[in-house]
Amino acid sequence: MGSILRQKKVSFLNSLLCSLGVVCGWGIVAPTAQAAESITIQLGPFEQKIQVDDLEDFAKNGKLPKELQVFSSFLTPQVKEVLNQRLQLNPEFADNFIDGLAKTPQGQRLISSLGGIIPGSTAQSLKDTLNLTARRFNGLTVLGFVRSYPGENITVDATKAIGLSLELNANNLQSQAFAALLERELPKNDIISLPRNINPGRRGNEQVQLTSFTFQDRQRNRTIPVDIYSTTGTTQQPLVVISHGFGANRRHLQYLAQHLASYGFTVAALEHPGSNAVAVNRVTNSSSDLSKLISAKEFIDRPQDVSFLLNEFSKLNLQPGQLQNKLNTDNVTVVGHSLGGYTALALAGGKLDLDSLRKFCKNSLLFGEAPGDWLQCAAVELKDSDIRTLLQDKRIKGAIVLNPLVGNLFGRKGLENINTPVLMLASSDDALTPALKHQFAPFTELRGNKYLITAIGGTHLSVSDPTYQTADITNIVKERRGAETNNLRQLVSGVSLAFIKQQTDEAKTYQPFLTPAYAKSLSTTQLPLRLVSELPGNLKKWAEFAAN
């Protein structure tokens with residue numbers, strides 16, 4: 001995906017405007033008593049003053065006044081689109097948003113970057129301006145920022161503005177501010193009282209064997225490779241199925257498969273032929289549009305891959321061989337990462353809402369949005385008749401969704417249909433599927449038993465197997481992986497085990513590991529970890545507001 005982004009030639013002024021507004025969310029605003037009237041752009045020896053009124057006129061009608069003709073190669077229709085974007089903020093949360101953002105490393109780096117872009121500014125003056133903008137205009141806008149900045153003119157060093165990256169998009173910044181407040185809001189003095197004779201994050205005692213199969217679904221013309229991790233002897237424990245993310249493969253969560261199997265579970269990690277690494281790499285050379293890198297039908301095919309596999313397993317379970325009586329297809333937990341998280345939620349009963357998705361993709365999908373927001377829009381090509389196909393599989397008794405791609409796929413009410421327990425992971429620095437929109441807000445919509453792990457400082461691939469080699473398509477932003485995220489993978493392994501054990505007669509024994517205390521026991525100052533079954537009241541309101 002790095003090559004894709006390089007193909008997108010973003011003008012320096014476009015980056016500049018995004019940078020000034022903190023996010024790509026803009027709107028036309030009325031001047032205030034402290035309104036800056038002009039912006040002086042410095043680019044090496046080149047210097048040009050732009051009147052804010054002229055920028056506002058351009059944003060309204062797209063016509064360039066004489067004073068802006070020098071910028072005709074930069075002030076494109078895409079920039080006009082950017083100028084009319086706005087990151088809407090409920091006034092009730094505006095101060096919390098800026099305060100929370102300023103406490104994150106990303107927010108501190110952002111304010112520092114803005115300080116370099118605007119010579120003579122200070123961290124405090126920038127923070128004060130952001131706060132003032134958010135309160136005055138119920139959101140963050142580039143022109144609102146200008147109108148709130150003290151002085152009649154703002155001088156901008158364009159060379160330092162160029163290149164502020166994707167990770168500064170609106171949803172990602174909101175997610176970081178939200179997670180920072182989540183860390184602060186939860187009690188820190190709770191007494192950790194966990195069973196001393198059990199450590200669910202440590203590998204179990206069973207010897208694990210790996211067997212690979214390839215199944216052919218002739219009806220849908222799909223070839224589905226599967227790795228099955230199993231132990232000796234029969235088992236009536238739940239079957240675990242792992243669904244990988246966009247552009248990945250069945251080895252992406254190999255450590256988790258090995259871990260669960262070492263406790264006697266049979267784990268099947270399948271590969272989705274329409275969205276695995278091979279399929280995605282095949283189309284990247286022909287399109288740089290993220291919404292075109294995957295077929296709309298893949299949003300239907302993925303859940304059906306799992307259901308097809310369970311049908312095949314039910315036959316295999318009865319046949320003599322090493323897997324006989326080890327494939328309990330009547331009690332299945334699906335684990336999914338990213339697009340695999342969508343897959344798991346659809347299987348658990350989530351209902352696609354094409355009307356909501358089409359509205360978002362037509363009216364609200366703007367330049368600078370996260371890749372996950374673009375990727376979901378591939379599904380708008382589905383027909384209403386396509387989603388009448390029942391994606392829910394009643395054999396699914398639980399869903400573990402790690403950094404799931406949710407966004408607008410299920411609308412506002414599509415997740416309310418899920419009655420099975422759900423364990424969700426959100427990472428505050430996930431620039432691919434930003435947590436507020438793709439995890440925190442959807443979590444509030446779930447109505448059954450649910451648990452939310454938050455990795456404060458974690459990224460989209462922090463939970464992946466350390467040995468897994470990421471493809472270019474997923475390697476577009478800086479990721480925290482390897483040794484620095486060991487504690488997160490240990491927590492995910494332990495909580496996943498405890499979550500699945502709730503479907504067995506050992507439920508009570510493992511229940512303590514589905515509590516905030518267990519997450520706190522593995523939390524570090526470098527990567528704080530939290531586990532809740534419900535968001536605190538004020539943050540729940542924020543998440544619900546973000547979902548609208």
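Begin by selecting cysteine 361 and cysteine 377, which form a disulfide with their sulfur atoms 2.0 Å apart. The model on display is a predicted one. A disulfide is a covalent bond between the sulfur atoms of two cysteines. The count for this structure comes to one disulfide. The link between cysteine 361 and cysteine 377 is left-handed, with -95° about the S-S bond. Cysteine 361 belongs to helix 15 (residues 354-363), while cysteine 377 sits in the loop between helix 16 (371-375) and strand 11 (396-402), so the pair ties together parts that are 16 residues apart in sequence. Cysteine 361 is buried at a relative accessible area of 17%, and cysteine 377 is buried at 6%.

**The whole chain**

Next, display the entire chain as a cartoon. Its secondary structure comprises 21 helices and 14 strands. Of the 548 residues, 60% count as buried. Among contacts between residues at least 6 apart in sequence, 79% join residues at least 24 apart.

**The nine-stranded sheet**

Now select strands 6 to 14. They make an open sheet of nine strands with mixed pairing, in the order 6-7-9-8-10-11-12-13-14. Strand 6 (209-217) and strand 14 (529-532) stand at the edges with a single partner strand each, so one side of each has no neighbour in the sheet. From one strand to the next, the twist averages 20°.

Which residues should be selected to see how strand 9 is placed? Take residues 266-270: five of the five residues of strand 9 are buried, so the strand is largely enclosed by the rest of the structure. Thr266, Ala268 and Leu270 point one way from strand 9, whereas Val267 and Ala269 point the other way. In a regular strand the side chains alternate between the two faces of the sheet.

Add the partners of strand 9 to the selection. Strand 7 (residues 222-230) pairs with strand 9 in the antiparallel sense over four bridges, and strand 8 pairs with strand 9 in the parallel sense over five bridges. Valine 267 of strand 9 is the bridge partner of tyrosine 229, and valine 267 is also the bridge partner of valine 240.

Move along the sheet to strand 12 (residues 422-427) and strand 13 (residues 450-455), which run parallel and are joined by six bridges. Valine 422 has lysine 450 of strand 13 as its bridge partner. Keep lysine 450 selected and add phenylalanine 443: the lysine lies over the face of that phenylalanine, at 4.6 Å from the ring centre.

**Helix 14 and the aromatic pairs**

Select helix 14 (residues 339-348) next. Helix 14 lies across strand 8 (239-243), strand 10 (332-337), strand 11 and strand 12, and runs at about 150° to strand 10.

The structure holds seven aromatic pairs. One of them joins phenylalanine 299 and tyrosine 342 in an edge-to-face arrangement, 5.5 Å centre to centre with 70° between the planes. Phenylalanine 299 lies in helix 13 (residues 298-316) and tyrosine 342 in helix 14, so this pair ties together parts that are 43 residues apart in sequence. Phenylalanine 299 and tyrosine 342 are both buried.

For a second pair, select tyrosine 510 and phenylalanine 513, whose ring centres are 6.4 Å apart and whose planes meet at 50°, so the pair is tilted. Tyrosine 510 is buried with a relative accessible area of 7%, and phenylalanine 513 is buried with 2%. Then select Phe213, Phe215 and Phe313, which form one aromatic cluster.

**Proline 200**

With tyrosine 510 and phenylalanine 513 still shown, select proline 200, which lies in the loop between helix 10 (170-185) and strand 6. Is proline 200 buried or exposed? Proline 200 is buried, with a relative accessible area of 1%. Leaving aside neighbours within four places in sequence, its contacts are His259, Tyr263, Ser493, Gly494, Leu497, Tyr510, Phe513 and Tyr518. Proline 200 and serine 493 are 293 residues apart along the chain, and their C-alpha atoms are separated by 7.3 Å.

**Helix 3**

Finish at helix 3 (residues 52-61), where Val52, Asp54, Leu55, Glu56, Phe58 and Ala59 are buried. Extend the selection to glycine 62, which follows helix 3 and has a positive phi, near 80°.

Terms used: Residues numbered from 1 in each chain as written. Heavy atoms only, no water. Disulfide = S-S within 2.5 Å. Helix = DSSP H or I, 4+ residues; strand = E, 2+ residues; numbered from the N terminus. Buried < 20%, exposed > 50% of the residue type's maximum accessible area, 1.4 Å probe, protein only. Pairing = 2+ DSSP bridges. Axes fitted to C-alpha atoms, helices over the stretch in contact; angles between N-to-C directions. Contact = heavy atoms within 4.5 Å. Phe/Tyr/Trp six-rings, centres within 6.5 Å; stacked < 30°, edge-to-face > 60°. Lys NZ or Arg CZ within 6 Å of the ring centre and 35° of its normal.
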